[in-house]
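Dear colleague,

I am passing on the structure below, and after it you will find what came out of the analysis of the ligand site and of the internal cavities.

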Amino acid sequence: MDVVDRRNIATTYNSADRCLEHGRRRHCQSLPTDSEGGTVSESDIVTFGETMLRLSPPGNERLENADEFEVRAAGAESNVAIAASRLGASATWLSKVPETALGRRVVGELRGHGIETDVVWSHRGRQGTYYLEHAGKPRGTNVIYDRDDTAISTAEAREFDIDRIQDAKVFFTTGITPALSSTLRDTTLNLLKAARKGGTTTAFDFNFRRKLWSPDEARETLTRLFPGIDVLVIAARDARTVLGFEGDPRQLAHKLGSQYDFTTVVVTRGSEGAVGWHDSVVHDHDAYETDTIDPIGTGDAFTGAFIARRLDGDNVPTALEYAAATASLKRTIPGDVALVTADEVETVVSEQSEEISR
Ligand SMILES: O=C(O)C(=O)C[C@H](O)[C@H](O)COP(=O)(O)O
């Protein structure tokens, strides 16, 4: 049986079931408290999605020949939460995780990165993993997913604390989540709707993953979510290959912004930076130069930083600048997660980075 159990995850709800039944917390008889009896903190940003265990051979060893793996927690939505928190936003990651050593490993690692976790522990379903083989051209870095029959694939909106989402300033998820199961397609839609209903800004990274579904399936599902999204982040290549839009990134941002009801559209263009559409104006920012150690998680670092800076009151061009700086720093760090400091980001923005700092 799946249970909502927050006992060992920082917070516990005295009357969780009743709260869930009745929806908004104002219908609950007691306020949620943490294990020390304090009030549950509201987060600036709440994210929802799967976090996998990432297994990668050290260096450039091939998977088929690997004797050992480096193990790290990795998932778009937790990566975004961590990047946002590194830039000063308070962040919570929501998910459904198997009550196993692997599930506990993921949650423990994320908490170690300073974000709050609010997890439905499940006695059914697996912990997703992915195998990563780093390589340069002409092979390129390769990912093998093992995420069938996971605990999160059965997650329904009613299992989560909707108050947390409605009390946050931003709710964030990605196009990866609805790719994982038909249940998660409904859940993603319902959580976005609930966020909107509570006045929470919704942000979404399109994040098309060809190894999870086809462009046609993705287009059909994700465009259905668009009316519930305020801030869309999308790679230029996904706007072209999945949505069938044409033009340069500025034109793509403008077309997406005017065709749908987004308040902000950010189109990322890899090593060439990103453009942001807001109030019918398009702004662009180049990527910063970087020596790449690990490219995975660059997009998530960018998005987390963009959201954090917007929450802090930056306009779109300034938020793009900090997002690009955070993304460039991420590429120098092994693992999915942008373990950067706000000072390092400032240094990149003011273009004072040095090869050796002493
Ligand atoms: O692929 C998935 O399904 C994941 O959730 C984990 C990925 O490692 C991150 O999403 C990284 O994505 P980028 O920031 O675009 O490099």
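Helix 9 contributes the most to the shell around the ligand, namely three residues, where helices are DSSP runs of H or I of at least four residues, numbered from the N terminus. Both helix 2 (76-86) and helix 9 (298-311) supply at least two residues of that shell. Please bear in mind that this is a predicted model, in which local features need pLDDT of at least 70 and side-chain atom pairs count only at pLDDT 80 or more, while totals for chains, interfaces and linings use all residues. Residues are numbered from 1 along each chain as its sequence is written, and side-chain values use heavy atoms, with hydrogens and water left out.

There are 16 residues around the ligand (a heavy atom within 4 Å of it), and those that come nearest are Tyr 145, Arg 147, Arg 209, Gly 297 and Asp 336. By class, the shell holds seven nonpolar, five polar and four charged residues, with Gly counted as polar and Tyr as nonpolar.

Among the polar contacts (N or O atoms paired within 3.5 Å), a ligand oxygen lies 2.6 Å from a side-chain N or O atom of Tyr 145, and a ligand oxygen is likewise 2.6 Å from a side-chain N or O atom of Asp 336. A polar backbone atom of Gly 297 is 2.8 Å from an oxygen of the ligand. The protein buries 88% of the 410 Å² that the ligand exposes when taken alone (Shrake-Rupley method, 1.4 Å probe).

Best regards

Terms used: Polar contact = N/O pair within 3.5 Å; in protein donor to acceptor, adjacent residues only side chain to side chain.
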